[in-house]
Amino acid sequence: MSNNRTVHYKKVFSTYHIFEYDDSIDVDFYVENIMKNTYRSSKIPKYGYFTGEKRHQVEEEQFIKHYGDKTVGVETTKITLVIEEYDNKLSLKLYETHKSRRPGGAYFRIRRILTYLTYNLKTKNFYFGEIEKKNKKVISKKIRTNDFSNSYASSFKLKIRRYVRDITSGPEVNYVVSTTSGDKISDEVIKVFTNILGNRTGIYLDNLKKFDVELFRFYLEHNGFKYPNTYYEYNNIRFEKRELRKHINIVTLIMNQLELGGKRVKKLLNQLNNIDLTRMAHLYHLLGVDYFNMLDEHVFVSNEGYTGILHLKNFNTYKSNIDFDITKRDKMRIVNILNNNIRFSLILDHLKIIDKLKKEYDYEYKMSFTDRHSFDHEHYEISNLLDSYSKGVVTRSYGDHFKEKIEEVIYGMDGGEYYPVVLLSTDDYNKESAIQNNCVRTYVEKPQSLIISLREGSVDGKDRATIEYLFRRNAMIRIQSLGKFNKDLSPRYSAPIEILDELVNKLYKKDILHLPIMKKEYKNGKLIRARALFEDEDKSGFFNGNPVWDNEEIKEEDFFDFDLFQ
């Protein structure tokens with residue numbers, strides 16, 4: 001590191017804890033645990049057993065007093081926030097030092113973590129990184145360059161906020177006070193960092209509440225890349241810098257790599273808010289430019305406000321998912337029904353079912369729908385037809401206690417009773433689909449989805465909401481909740497669904513709700529078992545945010561998480 005290091009900002013926060021324990025343990029507890037550990041590993045814990053743990057947050061003086069007291073456990077966390085400049089680099093760094101000693105132990109366990117956001121003013125690149133050490137040995141090292149799609153900057157800001165909040169909250173947590181202190185410091189340090197960036201480059205960040213998006217704009221502008229006013233629509237795309245240099249304009253780059261052309265496409269990319277690029281590209285290649293130009297703008301707008309991380313270089317893989325043989329008349333049917341507010345994901349599912357019936361079961365099915373009602377009827381018909389060919393009976397599970405915890409009555413604002421029912425079997429999905437006149441029956445093998453039917457009045461109530469949650473690594477996301485015939489729900493469902501959202505996320509975070517396990521049985525006696533899991537990023541940098549089945553015999557038909565209800 002250069003000797004010309006300038007520190008623009010530095011703040012240190014520390015917290016100290018001691019852990020007190022009972023001065024004796026019950027004989028039965030000791031004997032039971034001795035037997036368990038002898039059976040499992042032939043040894044008992046190095047420092048014996050301690051029970052009745054009581055955690056106390058203390059001042060530094062009291063911590064030092066108990067530093068060598070082996071009858072208690074001690075723990076301290078120190079965080080240091082630094083903004084420093086050196087060698088044309090401006091860095092925001094968070095240093096964490098975690099030290100702890102168990103009761104009875106003589107040595108401390110030490111973890112040191114450095115999280116940083118660095119901008120190189122010479123190469124004009126952002127670096128997001130983390131280095132973790134055990135004592136002085138590096139055990140983990142991660143770095144990302146110019147990756148705005150995974151919200152690293154916002155996550156860093158939230159991490160600062162969380163640490164300051166937790167450390168300054170005191171022994172009795174007051175979330176009003178602690179949240180304010182965390183917000184104040186995180187906003188303060190980000191503002192200092194971005195102001196220095198602005199002073200060095202003449203480019204200032206306007207909206208720090210959308211930190212990742214503003215860093216993306218800064219990066220484009222400082223590198224001389226052209227971007228539309230709707231630049232915030234594209235920070236979820238992983239742009240390669242060499243490709244940006246080649247095309248200069250990000251709209252031109254998107255059109256080139258997605259193989260799109262025409263004034264209509266360029267206008268949409270420059271002006272449309274909440275644009276779903278994947279949907280646009282699929283429709284362009286499915287219908288051709290003439291029929292594509294007949295589509296209304298609303299067809300390309302994302303209904304959920306989230307389109308996922310798009311990898312332009314992998315689009316040829318995505319494009320293979322829409323290789324269907326359809327007539328001009330079929331294309332016109334699709335244009336008409338899309339303009340009348342049916343979702344493209346359901347059209348795509350419709351085409352995939354027909355394609356599967358033809359290729360796997362040698363059954364020719366001709367589309368004939370003319371409006372929404374006839375489409376719903378046709379889709380339900382082909383779904384039943386496909387199910388009659390596959391014949392597998394599916395049973396899902398989400399953990400031993402999830403069903404009993406989630407299926408407790410919820411009371412609405414009007415005093416009405418609402419009963420959550422988890423769909424677990426092929427029969428559950430088929431019955432829900434029949435009553436609701438939707439296509440939830442096609443979700444029975446999806447590893448990323450949890451379907452709950454919220455029924456008014458009783459567990460068998462016919463007035464109900466079909467609700468889909470997506471599994472993400474750290475949270476459950478509700479992406480749709482619809483009534484019969486895929487219609488919007490009555491406002492009376494709003495409060496019960498909000499309560500259900502909180503409960504689902506609570507059970508997921510407490511590890512009561514697990515990723516699904518599936519069993520599929522066939523009439524010939526064949527049995528397939530599968531467990532859903534999250535995959536790590538592969539060597540090419542591709543990252544699938546959806547869980548997948550661990551059994552290759554289960555074939556996932558949708559690369560994206562398409563909405564199939566409507």
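## Salt bridges and surface charge in a predicted model

Arg 217 counts as buried because its relative accessibility is 7%, buried meaning under 20% relative accessible area, exposed over 50% and partly exposed in between (1.4 Å probe, protein chains only). Glu 221 has 35% relative accessibility and therefore counts as partly exposed. The two residues form a salt bridge with 3.2 Å between the closest N and O atoms; the term stands for a side-chain nitrogen of Lys or Arg within 4 Å of a carboxyl oxygen of Asp or Glu. Both lie in helix 5 (residues 211-222), four residues apart, about one turn of the helix. Asp 206 and Glu 214 join Arg 217 and Glu 221 in a network of salt bridges.

This is a predicted model, in which local features need pLDDT of at least 70 and side-chain atom pairs count only at pLDDT 80 or more, while totals for chains, interfaces and linings use all residues. Residues are numbered from 1 along each chain as its sequence is written, and side-chain values use heavy atoms, with hydrogens and water left out.

The structure holds 28 salt bridges, among them the three in the table.

| Salt bridge | Closest N to O distance |
|---|---|
| Glu 84 and Lys 93 | 2.6 Å |
| Lys 159 and Glu 96 | 2.8 Å |
| Arg 217 and Glu 221 | 3.2 Å |

Lys 159 and Glu 96 form a salt bridge. This pair links distant parts of the chain, with Lys 159 in helix 3 (residues 152-168) and Glu 96 in strand 4 (residues 89-101), 63 residues apart. Lys 159 and Glu 96 are both buried. Glu 84 and Lys 93 are buried as well.

On the surface, Arg 102, Arg 109, Arg 111, Lys 134 and Lys 137 gather in a patch of positive charge. Such a patch is made of residues with over 30% relative accessible area and no salt bridge, like charges being joined within 9 Å; a charge is placed at NZ of Lys or CZ of Arg. Lys and Arg count as positive. Arg 109 of this patch lies in strand 5 (residues 109-120).

For the chain as a whole, the secondary structure comes to 17 helices and 16 strands, taken as DSSP runs (helices H or I, at least four residues; strands E, at least two) and numbered from the N terminus. Buried residues make up 48% of the 566 residues. Of the contacts (heavy atoms within 4.5 Å) with a separation of 6 or more, 63% are between residues 24 or more positions apart. The chain exposes about 29,800 Å², of which carbon and sulfur atoms supply 47%, by the Shrake-Rupley method with a 1.4 Å probe.

Key. Patch = residues over 30% accessible without salt bridge, like charges linked within 9 Å, V, L, I, M, F, W, Y side chains within 5 Å.
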